[in-house]
Amino acid sequence: MADSSFDIVSKVDHQEAENALNQARKEIEQRYDFKGTGASVEWSGDSVLIKANSEERAKAVLDVFQSKLIKRGISLKSLESGEPFASGKEYRIVSTIKDGISSENAKKISKIIRDEGPKGVKSQIQGDELRVQSKSRDDLQEVQRLLKAADLEVDLQFINYR
């Protein structure tokens with residue numbers, strides 16, 4: 001029997017992120033507590049730029065955006081936000097949406113599989129994803145349970161299970 005395998009990836013549906021940003025923008029435009037604060041949220045290249053006239057308002061805008069991401073099924077582990085910083089008369093927060101598994105996180109995941117996973121399970125890093133192989137499908141399911149329970153700072157999805 002050939003080896004069974006699956007891939008571990010960390011992908012964000014960019015259309016859903018776009019929808020979440022548009023919903024957040026609409027809510028910010030309509031909410032009374034944001035009137036006259038210059039609050040806004042928009043794309044700035046690959047990152048999300050949040051602006052407001054005070055640090056608290058900027059954090060509140062970020063909170064609205066995070067709630068919209070959660071409703072759209074995007075994990076907050078995929079959102080990396082900086083601290084509010086003053087820029088002229090307004091405060092800004094730059095947030096980026098992480099896509100793919102960094103090499104250091106891939107090494108951590110590989111080490112967890114090697115140290116705590118069932119024997120005979122092999123993992124190999126392929127760019128920004130990992131391929132996990134084993135003769136037993138039960139061992140692969142055990143690896144998935146192990147990684148879901150592990151507290152990693154990256155949102156994982158398991159695809160191509162064969």
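1. Helix axes here are lines fitted to C-alpha atoms over the stretch in contact, and angles run from 0 to 180 degrees between N-to-C directions. The structure is a predicted model, and the points below concern its domains, one helix pair and one leucine.

2. The domain assignment splits the chain in two: domain 1 takes residues 4-10 + 101-159, and domain 2 takes residues 14-97. Taken over C-alpha atoms, the centres of domain 1 and domain 2 are 32 Å apart.

3. Two packed helices are described by the angle between their axes and the distance between the axes. For helix 3 (residues 103-116) and helix 4 (residues 137-149), the axes come within 11 Å and cross at roughly 125°. Because angles over 145 degrees count as roughly antiparallel and those from 65 to 115 as roughly perpendicular, helix 3 is oblique to helix 4. The crossing of this pair is right-handed.

4. On the helix 3 side of the contact are I109, I112, I113 and E116; they meet V143, L146 and L147 of helix 4. By class, the contact of helix 3 with helix 4 has six nonpolar residues, one charged and no polar.

5. L69 lies in helix 2 (residues 55-71). With a relative accessible area of 1%, L69 falls under the 20% cut-off and therefore counts as buried.

6. Leaving aside residues up to four places away in sequence, L69 touches A17, A20, I74, L76 and L79. One of these partners, L79, is ten residues from L69 in sequence, and the C-alpha atoms of L69 and L79 are 9.1 Å apart in space.

Note on methods. Residues numbered from 1 in each chain as written. Predicted model: local features only at pLDDT ≥ 70, side-chain atom pairs only at ≥ 80, totals over all residues. Heavy atoms only, no water. Helix = DSSP H or I, 4+ residues; strand = E, 2+ residues; numbered from the N terminus. Parallel < 35°, antiparallel > 145°, perpendicular 65-115°, else oblique. Left-handed = near helix turned anticlockwise from the far one by under 90°. Contact = heavy atoms within 4.5 Å. Nonpolar A, V, L, I, M, F, W, Y, C, P; charged D, E, K, R; others polar. Buried < 20%, exposed > 50% of the residue type's maximum accessible area, 1.4 Å probe, protein only. Domains from an automatic or database assignment.
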